[in-house]
Amino acid sequence: MTAVLSAPVSSSARVTPADTAASRGRFIPALAPVVGADVQVPLTDGRTVAYANLDYAASAPALSAVAAEVAAALGQYASVHRGAGHLSQLTTRRYEAARDTVRSFVRGRPDDTVVFTRNTTDAINLAASITPADVVVLDIEHHANLLPWCTPKDGRRRARVVTACDTIEDTLAALEAELASAPASLLAVTAASNVTGEVLPISRLASIAHRHGARILVDAAQLVAHRALSMVSHGIDYLAFSGHKAYAPFGAGVLIGRSDWFDAADPYLAGGGATLDVDVSGTRQTGTTWHTGAARHEAGSPNVLGAVSIAEACTALADLGPEAIGLHELRLCERLDAGLAAIDGVRPLRIFADSADRVGIAGFVVDGLAPRVVAEYLSDEHGIGVRDGKFCAHPLLKRLGHPGGAVRASFGAGTTSDDVDRLLDALTALAADAPTTRPELDEG
């Protein structure tokens, strides 16, 4: 995959008005239909244009197949687990079958526990509640895989934060040195950066963790919809991801992994559905027997439709195939990278000098313009949706030299080359008129 530049390009490579979308290569169609692909949005000049959604890393649109499955399930929706009625039994079977589908999609072990949560953040907070001792984590993580570990448990902070190096190889060495220095329960890493899209070598990280007696948790929020993933082959002990980043934006996430920590820990929530028996005498509870397995941590009525949507997304992604998904993203990444490299004053972001793989995410800054100004211009003048700010990765943005944030374009199955070309044309026009200096906004 084409490397992302980390410094301003030469003005000799600047795009001219003659560099039209047609000159960038053949048309790349969408890989699969998504809901909202035909939405029209207003511009400041009064026109409406088709929306170019380049914000998949924040929330990917629903695949049409996912939306159809949710609509079908809604017509038969009822209470789960404790209802004798036909629809309750049907809903319960559908909900429990979703666990099996997710486990199969990520190639989990047959006895792995699959817990449905609200999102990745919720899943990793659950993981933090069941992890018994110290956790080693990098400083470049999304807050979802950083702050839960930094929160004290049993009166002590457990996070041992390792500073990422300029290369992946040196970073792996730093993690191994930390794990070798003192016992730890867990190494928690993000599979793909939500700022730059760079992918870490999960199998090697798992081997390092296991070599030093630790387990590994992988935040796969930005990877699971883009690459083939096998918990068994990669050696992953725990895996977390969100439906809304995997074409299932219906408010659910997943934590899947080895059952012993789930069963040994206190329930994540106390309430109905998590208990086998409750014995209360007077005003003092004298005995509660909790379920084991997923039910232990899923008190209350679950988000059945969210679980159904994730399962259907897993099925749809498997049907598309990781090879087709990867090739589609590779072609779009190469087109975007080449275009960004040709625009004077646009600086793509990169964490590691030796990274060789990236999902469909590109973080960048425009010299002289605050990220919010760039994002608003793209939206208001061109109908393009991108993300701006610090992407819930404040320490990473600081170390990249952009404490005020950056701009992020991200894409997926519903993206075409026209979306990428429109972004490049808009940035070309914007960069040509950008002031030499302008204070950055401090957007979160």
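Here are some notes on the sheet of this predicted model and the helices around it.

1. Start with the sheet. It is open, has seven strands in the order 4-10-9-8-7-5-6, and its pairing is mixed. Strand 4 (113-117) and strand 6 are the edge strands; each has a single partner strand, so one side of each has no neighbour in the sheet. On average, neighbouring strands are turned by 20° against each other, direction ignored.

2. Now look at the strand 4 edge. Strand 4 pairs with strand 10 (residues 253-257) in the antiparallel sense, over five bridges. If you want a spot to click on, Thr113 has Gly257 of strand 10 as its bridge partner.

3. Two helices to check against that part of the sheet are helix 2 and helix 3. Helix 3 (residues 120-130) packs on the sheet and touches strand 4, strand 8 (215-219), strand 9 and strand 10, with its direction at about 155° to that of strand 9. Helix 2 (residues 86-105) lies across strand 4, strand 9 (238-242) and strand 10, and runs at about 115° to strand 4.

4. Helix 5 is worth a look of its own. Its 14 residues (168-181) should span 20 Å at 1.5 Å a residue, and the end C-alpha atoms are indeed 20 Å apart, so the two agree.

5. Which residues of helix 5 are buried? They are Ile168, Thr171, Leu172, Leu175 and Leu179. Down the helix axis, these buried residues fall within an arc of 100°, so they line one face of helix 5. Residues three or four places apart in an α-helix point the same way, because there are 3.6 residues a turn. The buried residues of helix 5 pack against strand 5 (135-138), strand 6 (159-162), strand 7 (186-190) and helix 6 (202-211).

Key
Residues are numbered from 1 along each chain as its sequence is written. This is a predicted model: local features need pLDDT of at least 70, side-chain atom pairs count only at pLDDT 80 or more; totals for chains, interfaces and linings use all residues. Side-chain values use heavy atoms; hydrogens and water are left out. Helices (H or I, at least four residues) and strands (E, at least two) are DSSP runs, numbered from the N terminus. The expected span of a helix is 1.5 Å times one less than its number of residues. Buried means under 20% relative accessible area, exposed over 50%, partly exposed in between (1.4 Å probe, protein chains only). The arc is that of the directions from the helix axis to the C-beta atoms. Contact means heavy atoms within 4.5 Å. Two strands pair if DSSP finds at least two bridges between them. Axes are lines fitted to C-alpha atoms, for helices over the stretch in contact, and angles run from 0 to 180 degrees between N-to-C directions.
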